[in-house]
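Open the model in your viewer and keep the sequence panel in sight. This tour tells you what to select next and what is there.

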Amino acid sequence: MNTHSSQNKIELMKSIIRDGYSATTTCKFLGLSYEELSRMVDDHEVLRLRDGNGNPRYPRFQFGSDGTVIPHLQRVIQTLLSRGFTDQQTAEWLTTASSLYESKSPVEFMQTDPKRFGIVLYTAQHDTPTP
């Protein structure tokens, strides 16, 4: 990976974390208690990142406008985390443009047509995290 690409990934992660919801906002948005949200994180149903101070941040891309976790995206998150991806690697994987997805990120690719979920899930099931 070249330096420019590395810098872009760093900036992308900073943006995802900065724009993510706090735990309080996520609980209110989803109508959950902190305990329920924590269980969802433990069960890989919700992706949680941490900012530079260690505070939890929940990327907005995983939530629908109706106050739910997007089911297809939730399944991809579960798949990646169960394959050994870290939370940060999962967020990068989901938000990095790829030629596999018409130069869009997996999140954008699925948003344009939910039927594309199968393609993204298949790729997630066969990908391996890089150290």
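The stops below go from the whole chain to helix pairs and then to single residues.

**Before you start**

This is a predicted model: local features need pLDDT of at least 70, side-chain atom pairs count only at pLDDT 80 or more, and totals for chains, interfaces and linings use all residues. Residues are numbered from 1 along each chain as its sequence is written, and side-chain values use heavy atoms, with hydrogens and water left out.

**Stop 1: the whole chain**

Show the cartoon. You should find 7 helices and 2 strands. Helices (H or I, at least four residues) and strands (E, at least two) are DSSP runs, numbered from the N terminus. Trace the chain from the N terminus and the order reads α-α-α-β-β-α-α-α-α.

Now turn on the C-alpha atoms. They fill a box of roughly 40 × 35 × 25 Å along the principal axes. The radius of gyration is 14 Å, which agrees with the value near 14 Å for a compact globule of 131 residues. That radius is taken over C-alpha atoms, and the globule rule is 2.2 Å times the number of residues to the power 0.38.

Color by accessibility next. Of the 131 residues, 40% count as buried. Buried means under 20% relative accessible area, exposed over 50%, and partly exposed in between (1.4 Å probe, protein chains only).

Contacts come up at most stops: the term means heavy atoms within 4.5 Å. Among contacts with a separation of 6 or more, 53% join residues 24 or more positions apart.

**Stop 2: α4 against α5**

Select residues 71–82 for helix α4 and residues 87–95 for helix α5. Their axes come within 10 Å and cross at roughly 130 degrees. Axes are lines fitted to C-alpha atoms, for helices over the stretch in contact, and angles run from 0 to 180 degrees between N-to-C directions. The two helices are therefore oblique to each other. Angles under 35 degrees count as roughly parallel, over 145 as roughly antiparallel, 65 to 115 as roughly perpendicular and the rest as oblique.

Show side chains here. From α4, pick L73, V76, I77, L80 and L81; they meet D87, T90, W93 and L94 of α5. By class, this contact has 7 nonpolar, 1 polar and 1 charged residues. Ala, Val, Leu, Ile, Met, Phe, Trp, Tyr, Cys and Pro count as nonpolar, Asp, Glu, Lys and Arg as charged, and the others, Gly among them, as polar.

**Stop 3: α4 against α7**

Keep α4 and add residues 117–126, helix α7. The axes lie 9 Å apart, at an angle of about 10 degrees. α4 and α7 are therefore roughly parallel.

Which residues meet here? On the α4 side, H72, R75, V76, T79 and L80; on the α7 side, F117, V120, L121, A124 and Q125. The classes are 6 nonpolar, 3 polar and 1 charged.

**Stop 4: L81**

Select L81, in helix α4. Is L81 buried or exposed? L81 is buried, with a relative accessible area of 9%. Leaving aside neighbors within four places in sequence, L81 is in contact with H44, L47, T86, D87 and T90.

**Stop 5: R57**

Jump to R57 in strand β2, residues 56–57. Not counting residues up to four places away in sequence, R57 touches I17, R18, G20, Y21, S22, L47, R48, L49 and D51. Add T26: the C-alpha atoms of R57 and T26 are 8.8 Å apart, although 31 residues separate the two along the chain.

**Stop 6: the loop between α5 and α6**

Select E102, in the loop between α5 and α6. E102 is not a glycine, yet has a positive phi of about 55 degrees. With 48% relative accessibility, E102 counts as partly exposed.

Step to S103, in the loop between α5 and α6. S103 has a positive phi of about 60 degrees and is not a glycine. S103 is exposed, at 58% relative accessible area.

**Stop 7: F109**

Finish on F109 in helix α6. F109 counts as buried, at 4% relative accessibility. Beyond four places in sequence, F109 touches Y101, E102, K104, R116, I119 and V120. Set a C-alpha distance from F109 to V120: the viewer should give 8.4 Å, for residues 11 apart in sequence.
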